[in-house]
Amino acid sequence: MEGFDWGFALEILPLLLEAARITVFATVIGFAVAVVLGLVLAILRMSRRWFISVPVGALIEFVRSTPLLIQIYFAFYVLPEFGIVLPAMVAGIAGLALHYSAYTAEVYRAGLQGIRRGQWEAAVALNLGPWTTYRDVVLPQAIPPVVPALGNYLIAMFKDTPLLSAIAVVELMQRAKIIGSDTFRYLEPITLVGVFFLVMSLVSSALVRRVERRLALRKG
Amino acid sequence: MLELLPPLLDGAWLTVRITAVASLLAAALALAAGLARLSAWRPVRALAAVYVETFRGTSLLVQLFWLYFVLPLPPFSLELDAFTVAVLGLGLNIGAYGAEVVRSAIQAVPRSQIEASVALNMTPALRMRRIVLPQAALAMLPPWGNLMIELLKGTSLVSLITLGDLTFRASQLNAFTFRTVEIFTLVLVIYFLLAQAIALAVRAAERRLSRGIARRTA
């Protein structure tokens with residue numbers, strides 16, 4: 001490409017890679033929380049008590065249909081009003097985790113609804129408590145089929161981490177912008193960021209497809 | 001709290017306009033790329049695949065920044081105003097996701113339908129227009145509705161390229177008034193209501209389309 005300065009690109013690469021570590025870190029922690037919180041939300045939403053299932057369902061719906069950026073602002077600007085002051089990085093990860101837990105909750109719900117009635121009845125007949133029923137009977141059957149769907153949300157969350165730059169977390173995108181405003185060269189830094197995301201997404205979607213095939217084989 | 005509403009609604013109006021224009025662009029791109037992915041010609045398929053993978057594989061914010069910061073500089077020297085960048089970025093991004101929706105909906109049309117239209121000596125274009133697309137459209141609607149809500153939520157990122165949308169107005173008001181709780185709660189509610197409006201519209205469209213099909217099969 002004409003105008004693309006390879007020397008400059010190579011020069012800023014170490015800076016970008018260092019910022020990419022923050023991006024990956026935010027994704028890993030954020031997703032770890034989202035995976036657990038989503039499961040809790042999904043189980044609460046399936047509750048037979050309406051005063052649990054209805055508000056949790058409404059919360060999931062609300063979080064899913066409002067922008068992640070506003071939720072991140074909420075964690076960063078609004079929570080301090082209630083005495084919860086979070087550093088930008090923590091607020092950003094909290095926003096990501098909350099947003100994606102609403103999505104993973106829906107994924108788990110699909111998995112839980114795929115469990116046949118007989119399994120629940122058998123657990124009742126065997127006098128298993130709710131904890132044992134979920135841990136030993138339901139979840140081991142409900143979770144493996146939804147792993148690929150969870151993987152897709154992991155990739156989606158990864159691609160949403162640049163939003164943390166809006167509250168001045170110096171992740172990959174913010175680093176690229178800083179380099180851009182310092183040197184007045186935006187082509188190389190922003191293009192490199194794009195390439196980084198593209199490569200990571202392509203590799204991880206290929207992995208998800210592999211897991212999917214594995215699961216299909218095991219079922220068949 | 002009411003005095004906060006006019007500036008926020010002002011921003012919401014821009015959010016609605018961006019959503020509307022970008023969704024038209026996204027629909028056009030999705031249809032074109034979705035059909036291209038099913039083309040008999042390999043280069044056309046490859047081109048569509050590159051478009052879809054590029055815009056699905058990189059982040060929306062990166063795409064907006066690329067269009068906003070990189071395009072005006074050499075070697076491109078193409079200066080677009082922020083609104084155009086917003087519509088272009090969101091349209092290209094959602095269009096790439098939409099292409100997969102179009103493709104899978106077309107592939108889900110039963111094979112016998114295509115065989116029947118071949119037997120009736122329809123040209124491929126006529127077959128696509130009269131037989132395949134009307135049936136695929138119904139399957140496309142629910143995922144398309146979800147994409148529209150993603151598009152609406154995505155418009156919040158245009159505040160980062162200086163457009164005065166709902167999110168931008170919220171940050172601005174917040175900086176002036178420090179009435180943080182009220183402002184951000186209101187903004188969340190406005191986005192939620194807009195998303196519900198989209199969901200309702202899609203459900204209405206679904207009812208309309210499926211009524212047509214029920215009549216035809218009856």
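1. A crossing of two helices is called left-handed if the near helix is turned anticlockwise from the far one by less than a right angle, and right-handed if it is turned clockwise. In this model, which is predicted, helix α2(A) passes helix α4(A) in a left-handed crossing.

2. The geometry of that pair can be stated more fully, since α2 (residues 50-64) and α4 (residues 88-113) of chain A pack at an angle of about 120°, and their axes are 9 Å apart. An angle that is neither under 35 degrees, nor over 145, nor from 65 to 115 counts as oblique, and α2(A) is therefore oblique to α4(A). On the side of α2(A) the contact is made by I60(A), V63(A) and R64(A), and on the side of α4(A) by L98(A), H99(A), A102(A), Y103(A), A105(A) and E106(A). By class, the residues of this contact are six nonpolar, one polar and two charged.

3. Turning to chain A as a whole, the chain has eight helices and zero strands, and its C-alpha trace spans about 70 × 50 × 25 Å along the principal axes. Of the 220 residues in chain A, 39% are buried. Among the contacts in chain A with a separation of 6 or more, 75% are between residues 24 or more positions apart.

4. A second helix pair in chain A is formed by α1 (residues 6-45) and α7 (residues 172-183), whose axes come within 7 Å and cross at roughly 150°. Because angles over 145 degrees count as roughly antiparallel, α1(A) and α7(A) are described as roughly antiparallel to each other. Helix α1(A) contributes I12(A), L15(A), L16(A), A19(A), A20(A) and T23(A) to the contact, while α7(A) contributes L172(A), R175(A), A176(A) and I179(A). These residues divide into eight nonpolar, one polar and one charged.

5. Is helix α5 of chain A, residues 117-125, largely in the open or buried? Of its nine residues the number buried is zero, so α5(A) lies largely in the open. Just after this helix, N127(A) takes a positive phi of about 60°.

6. The two chains also meet each other, with 29 residues of chain B in contact with 31 residues of chain A. On the side of chain B that touches chain A, at least two residues are supplied by each of α2 (42-57), α3 (60-70), α6 (124-154), α7 (166-177) and α8 (180-217) of chain B. The largest share, eight residues, comes from α8(B). By class, this side of chain B has 19 nonpolar, eight polar and two charged residues.

7. The largest nonpolar core holds 113 residues, of which I72(A), V193(A), L61(B), L64(B), F184(B) and V187(B) touch the most other members. Leaving aside neighbours within four places in sequence, V193(A) is in contact with L16(A), L172(A), M173(A) and A176(A), and also with V62(B) of the other chain. Among these partners, L16(A), L172(A) and A176(A) also take part in the contact of α1(A) with α7(A).

8. A last residue to look at is L202(A), which is found in helix α8 (residues 187-219) of chain A. With 15 other C-beta atoms within 10 Å, L202(A) is partly exposed. Residues up to four places away in sequence not being counted, L202(A) touches E53(B) and G57(B). Within chain A, L202(A) and I155(A) are 47 residues apart in sequence and 9.5 Å apart in space, C-alpha to C-alpha.

Terms used: Residues numbered from 1 in each chain as written. Chains lettered and ligands numbered in written order. Predicted model: local features only at pLDDT ≥ 70, side-chain atom pairs only at ≥ 80, totals over all residues. Buried ≥ 20, exposed ≤ 12 C-beta atoms within 10 Å, placed from the backbone. Helix = DSSP H or I, 4+ residues; strand = E, 2+ residues; numbered from the N terminus. Contact = placed C-beta atoms within 7 Å. Nonpolar A, V, L, I, M, F, W, Y, C, P; charged D, E, K, R; others polar. Axes fitted to C-alpha atoms, helices over the stretch in contact; angles between N-to-C directions. Core = buried A, V, L, I, M, F, W, Y, C linked by C-beta atoms within 7 Å.
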